[in-house]
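Visitor: I'd like to poke at the labels people attach to a model like this. Can we go through them and see what each one rests on?

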Amino acid sequence: MDAAMKKNLQKIACKVRMGVIEGTYNAKSGHPGGSLSISDTLTYLYFAKMNVDPANPDNSDRDRFVLSKGHTAPALYSVLAQKGYFPEEELKSLRHIGAMLQGHPCIHIPGVDMSSGSLGQGISAAAGMALAGKLDNKAYKVYSILGDGEIEEGQVWEAAMFAAHYKLDNLVAIVDNNGLQIDGKITEVCSPEPITDKFAAFGWHVITMDAHDFDSIEAAFAEAETVTGKPVAIVQKSTKGKGVSFMEDQVGWHGTAPNKEQYDQAMAELNAQLKELED
Amino acid sequence: MADVIKKATRESYGEALRDLAEEYKDLVVLDADLAAATKTGIFKKAYPDRFFDCGIAEANMMGVAAGLAASGKIPFASTFAMFAAGRAYEIVRNSIGYPHLNVKIGATHAGISVGEDGATHQCNEDIALMRTIPGMTVINPCDDVEARAAVRAALDFNGPVYMRFGRLAVPIINDAETYKFELGKGVVLKDGTDVTVAATGLMVNEALEAAKTLEAEGISVRVVNIHTIKPLDKELICKCAKETGVIVTAEEHSVIGGLGSAVAEAVTECCPVPVVKIGVNDEFGHSGPAVDLLKEFGLSADNIVKKVREAISLKFKTAKAD
């Protein structure tokens, strides 16, 4: 990836993270930790990978995205706002009564391809979309991000079996391996490890990547393009809370909103990162 | 009298899917390793490229159906009622109901008439579960003719539909030539003034049989077929409440949450009259031949006759108390 493109993506990702903080702070609830860990990947997908157009969100040839780990909706909403699906201002009313932006993704929100949030379900819907693409001989791809805790849900493995059986090579599932879930470390709660081996055993092509390095992200999605006859699982090594020093790798920031002081500090840090990128 | 022709509505379901596939190009069928029993195998044989076996994984099947519908297909997700409405309830609610996707759920082997398989497979709760999901349409056809018509009506309707079919062969009571299915509209099969029997599914035929006996006793019975339990034909139910003063409901389902509950909910708002519910009482079923079980659990013309007599005395008691 050339330097200018990388810098541009880093800047957008920084703004996406600010949207996450803005949204959860104003909502006084929500899930900043897992939103921040997927912010770079979402930025890459929406700004460098997926064939999507905010002016024509229902185009049947578009690539699809399903946020299976739906509680990290603040990141999805933030990237959709950056992309121009709706004004950034909407993020401030996240989770409010009468607001468009629901606590978890809702299909009626511009740019959201599937309602999700009850864990383990998004991946099945993504597989259905991929199957429809095959039936219609369409070239679109379907991307879905799952949590590493989420894959403890049995439905994920039903979907994994299905996608491999039907050779859905137009489906790319990204597992956000930040290592933490509500009750603690995934390896201590009820370990889903080894994640890569499990997907490989289910007949998927497995790729690993560094979720906060755009070169690594680009290489992983480029490899995914070359795979035929199998669905692709990208296991991304990520840091929960990435980009905000006091949230990084802290399980407590799974589902807690920042207070005013924390909000100010987080925004100051992100503004400093953005300024550095713009200099 | 000519011999009564019997057919299981699951058979009608499989045949209807096959017969409508040419006309509805987006129709695809999913099953969860039960194609031989749900009769989607009939469709599979004719359209193998549009049939997808999901294996014994109903949760994923419902999610895949949601994704197909979100991409313009009209998927019929098929399995036993126990697994469609029971096991996969939350996926049906959150992945199909909440986004209001155009998924059709073909649930076969509903009710006690599953027979020998026993309680684990006798789903008497599916209507209750499905009708609590906002925007879900719930259909329970009474015979072959109605079941076929219901499949077409589901295809013509944009939104999630739960269709309930039976394992047991039941008499064909509607005339295929003249029958018109209107989603959400009850059908008055026989007029009467003393009591209304509102029945659904295989209990419709039992209600008609019961009415004959009761008429001979001088009781004028109105028989109404409620094929669509949601949205319920409240207008018709309230009209019956006003005109006959008492309603007996009959369904092959728990008395908690099904047709009986839906009718009671409706009349309490428009015209409170006694509602006597016939269905499976608050208990599990058990193994046995379907016909014997139906009798044992009171899902018979004989029991309708008995309950109608009770209902009428209840009607007069209530009237006196006024």
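Guide: Sure. One term before we start: helices (H or I, at least four residues) and strands (E, at least two) are DSSP runs, numbered from the N terminus. With that numbering, B:P231 lies in the loop between β12 (228-230) and α10 (234-244) of chain B. Keep in mind that this is a predicted model.

Visitor: What makes the bond from B:K230 to B:P231 cis?

Guide: Look at omega, which is about -5 degrees for the peptide bond joining B:K230 and B:P231. Chain A has a cis peptide bond from A:E193 to A:P194, with omega near -5 degrees. A:P194 is in the loop between α7 (186-189) and α8 (195-201) of chain A.

Visitor: Why is A:D249 called partly exposed?

Guide: Count the neighbours: A:D249 has 15 other C-beta atoms within 10 Å. Buried takes 20 or more and exposed takes 12 or fewer, so a count in between is called partly exposed. A:D249 therefore gets the label partly exposed. This residue has a positive phi of about 55 degrees, although it isn't a glycine. Its place is the loop between β7 (232-237) and α10 (260-278) of chain A.

Visitor: And what makes B:H100 partly exposed?

Guide: B:H100 has 17 other C-beta atoms within 10 Å, so it is partly exposed. Its phi is near 50 degrees, a positive value in a residue other than glycine. You'll find B:H100 in the loop between α6 and β5 (104-108) of chain B.

Visitor: How do you know that β1(A) and β2(A) pair?

Guide: Pairing needs at least two bridges found by DSSP. Strand β1 (residues 64-67) and strand β2 (residues 142-147) of chain A have four bridges, in the parallel sense. One detail: the bridge partner of A:V66 in β2(A) is A:S144.

Visitor: Why say that both faces of β1(A) are covered?

Guide: A:R64 and A:V66 are buried on one side, and A:F65 and A:L67 are buried on the other. In a regular strand the side chains alternate between the two faces of the sheet.

Visitor: What makes helix α3 of chain A mostly covered?

Guide: Nine of its eleven residues (39-49) are buried. Among them are A:D40, A:L42 and A:K49.

Visitor: How many residues of chain B are in contact with chain A?

Guide: A contact means C-beta atoms within 7 Å. By that test, 22 residues of chain B are in contact with 21 residues of chain A. α4(B) gives the most to chain B's side, with nine residues.

Terms used: Residues numbered from 1 in each chain as written. Chains lettered and ligands numbered in written order. Predicted model: local features only at pLDDT ≥ 70, side-chain atom pairs only at ≥ 80, totals over all residues. Contact = placed C-beta atoms within 7 Å.
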